[in-house]
Amino acid sequence: MNYGKKFLYIMMSAFGMVIAITGICYKTGYFTGHEGNSSYVLIVAGLLIMIYGLKKLHETP
């Protein structure tokens, strides 16, 4: 088993979740100073990174 790659994909998924949660915080107004459109970019980018990491984690033997 390649534990280094599994760890990489776990960290990639976690980083994607952090980006998506940050986008949600910007959208709800928890963090001030950002427009609503930039929050959508963060949410989508975070979800794409998270899904890619989880997909690769599932495929890794």
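Here is a quick tour of two helices and a small group of aromatic rings. Keep in mind that this is a predicted model. Helix α1 covers residues 3-28, and helix α2 covers residues 36-59. Y26, Y30 and F31 make up one aromatic cluster.

**Helix α1**
- With 26 residues at 1.5 Å each, α1 should span 38 Å, and its end C-alpha atoms sit 37 Å apart, which agrees.
- Several residues of α1 are buried: Y9, S13, G16, I19, A20, G23, C25 and Y26.
- Part of the cover over those buried residues comes from α2.
- Right after α1 comes G29, and its phi is positive, near 95 degrees.

**V44 in helix α2**
- V44 has its place in α2.
- This residue is partly exposed, since its relative accessible area is 48%, and the in-between class ends at 50%.
- V44 and G23 are 21 residues apart in sequence, yet their C-alpha atoms are 8.6 Å apart in space.
- G23 itself is on the list of buried α1 residues.

**The aromatic rings**
- Searching the whole structure turns up two aromatic pairs.
- In the pair of Y26 and F31, the ring centres are 5.4 Å apart and the planes meet at 65 degrees, so this pair counts as edge-to-face.
- For Y30 and F31, the centres are 5.3 Å apart and the planes are at 55 degrees, so that pair is tilted.
- How exposed or buried are the three residues? Y26 is buried, F31 is partly exposed with a relative accessible area of 35%, and Y30 is exposed at 64%.

Technical notes. Residues numbered from 1 in each chain as written. Predicted model: local features only at pLDDT ≥ 70, side-chain atom pairs only at ≥ 80, totals over all residues. Heavy atoms only, no water. Helix = DSSP H or I, 4+ residues; strand = E, 2+ residues; numbered from the N terminus. Buried < 20%, exposed > 50% of the residue type's maximum accessible area, 1.4 Å probe, protein only. Expected span 1.5 Å × (residues − 1). Contact = heavy atoms within 4.5 Å. Phe/Tyr/Trp six-rings, centres within 6.5 Å; stacked < 30°, edge-to-face > 60°.
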